Amino acid sequence: MTDTAARAASVAAPVRVRRRLHGGGPRAGTVAAFLTPFFLPFLLFYLVPVGYALWQSLRVVRRTGGQYGTSYTAFGGLEQYGQVLRNTEFWSSIGRTGLFGVVQVPVMLFVALIIALLLDTPLLKLKAFFRITAFMPYAVPGVIAAIMWSYLYSPQLSPVVDLLNGVGLKPDFLGPGAVLWSTANVSTWLWTGYNMLIMFSALQSIPQELYEAAKIDGASNWTIAWRVKVPIIAPSIVLTSVFSIIGTLQLYAEPAVLRQISSNISSTFTPNMLAYTVASGNNYQQAAAISVVIAVITFVLSFGFMRLTAKRAGL
């Protein structure tokens, strides 16, 4: 190659690199075509309903000519939110759901963690069978799961109740002191496998060299599980905890189904049930305000939990 050709090649090379960097990438139209199938439903079925709910929560119904006069909708500012915050039934449902979450979420995640650790141990045989068995309840829709458990809870139909009555225990799964925990049992049975799968997937990504090094140092399987595996998958445990907090405040299907066979579950048993009841009375504005308040409380609790755990972990 002559000197002139070499200089020409050295000048052309950066030009080709620049063209590759600036002109060879995907065009905006191509990117938009790939993103549209996601963003269009996200816009229509998430952002628009959320925005409409926020707008409705700022509206109030007025009447002209007394109680039986003509009604019209007007801008009311934060009036609906004031009514929600003064509603004792709303705070009772929040407290009931909070108690539910404080007990049910740790129990569910602990059981999910134990199952995930057992599935990850080399001593367990038939891992695929047990993994599918543990995950199978999640494949059952929440309403169907609640119907199944309502059959097992019913004093007139349940073979479990008959068996326990035969040995003198006489349980009342739908009584005023037990119905909340019967609901928690349904949620635990339904969601443990889902959380287990997240934790188990995180365990599968841990390099085997860490286990081998721990065994060389004399660590037992128990020590490896709690001193090596659990700290490494802590982000997955936090993730499942956040999901569970959000799911707790969205509790609806299980108590709504059990309400059909128990008078101890009211129409305002959970915040979502309260919002549905209010909306059923054609008070859509206050129902929207209740939904917005639930969303804010959910955000505060989940975000606060994430910040707290990140601070303790030094992240």
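Reader: What makes H9 oblique to H10?
Author: In this predicted model, helix H9 (residues 208-216) and helix H10 (residues 221-232) pack at an angle of about 140°, with their axes 10 Å apart. Roughly antiparallel needs an angle over 145 degrees, and roughly perpendicular covers 65 to 115. The angle fits neither class, so H9 is oblique to H10.

Reader: Which handedness does the crossing of H9 and H10 have?
Author: H9 passes H10 in a right-handed crossing.

Reader: Why is the pair Lys229 and Asp120 called a salt bridge?
Author: The closest N and O atoms of Lys229 and Asp120 are 2.8 Å apart. The cut-off is 4 Å, so the pair counts. Lys229 sits in helix H10 and Asp120 in helix H4 (residues 88-120), 109 residues apart.

Reader: Are Lys229 and Asp120 buried or exposed?
Author: Buried means under 20% relative accessible area. Lys229 has 8%, so it is buried. Asp120 has 11%, so it is buried too.

Reader: What makes Arg62 and Glu79 a salt bridge?
Author: Their closest N and O atoms are 3.1 Å apart. That is within 4 Å, so the pair qualifies. Arg62 lies in strand E1 (residues 59-64) and Glu79 in helix H3 (residues 79-85), so the bridge ties together parts 17 residues apart in sequence. The structure holds two salt bridges.

Reader: Why is Val48 called partly exposed?
Author: Partly exposed lies between the 20% and 50% limits. Val48, in helix H2 (residues 28-57), has 45% relative accessibility, so it falls in that class. Val48 also belongs to a nonpolar surface patch, with Phe45 and Tyr46 among its other members.

Conventions:
Residues are numbered from 1 along each chain as its sequence is written. This is a predicted model: local features need pLDDT of at least 70, side-chain atom pairs count only at pLDDT 80 or more; totals for chains, interfaces and linings use all residues. Side-chain values use heavy atoms; hydrogens and water are left out. Patches are made of residues with over 30% relative accessible area and no salt bridge: like charges are joined within 9 Å, nonpolar side chains (Val, Leu, Ile, Met, Phe, Trp, Tyr) within 5 Å. Accessible areas come from the Shrake-Rupley method with a 1.4 Å probe; for residues, only the protein chains shown count as cover. A salt bridge is a side-chain nitrogen of Lys or Arg within 4 Å of a carboxyl oxygen of Asp or Glu. Helices (H or I, at least four residues) and strands (E, at least two) are DSSP runs, numbered from the N terminus. Buried means under 20% relative accessible area, exposed over 50%, partly exposed in between (1.4 Å probe, protein chains only). Axes are lines fitted to C-alpha atoms, for helices over the stretch in contact, and angles run from 0 to 180 degrees between N-to-C directions. Angles under 35 degrees count as roughly parallel, over 145 as roughly antiparallel, 65 to 115 as roughly perpendicular and the rest as oblique. A crossing is left-handed if the near helix is turned anticlockwise from the far one by less than a right angle, and right-handed if clockwise.
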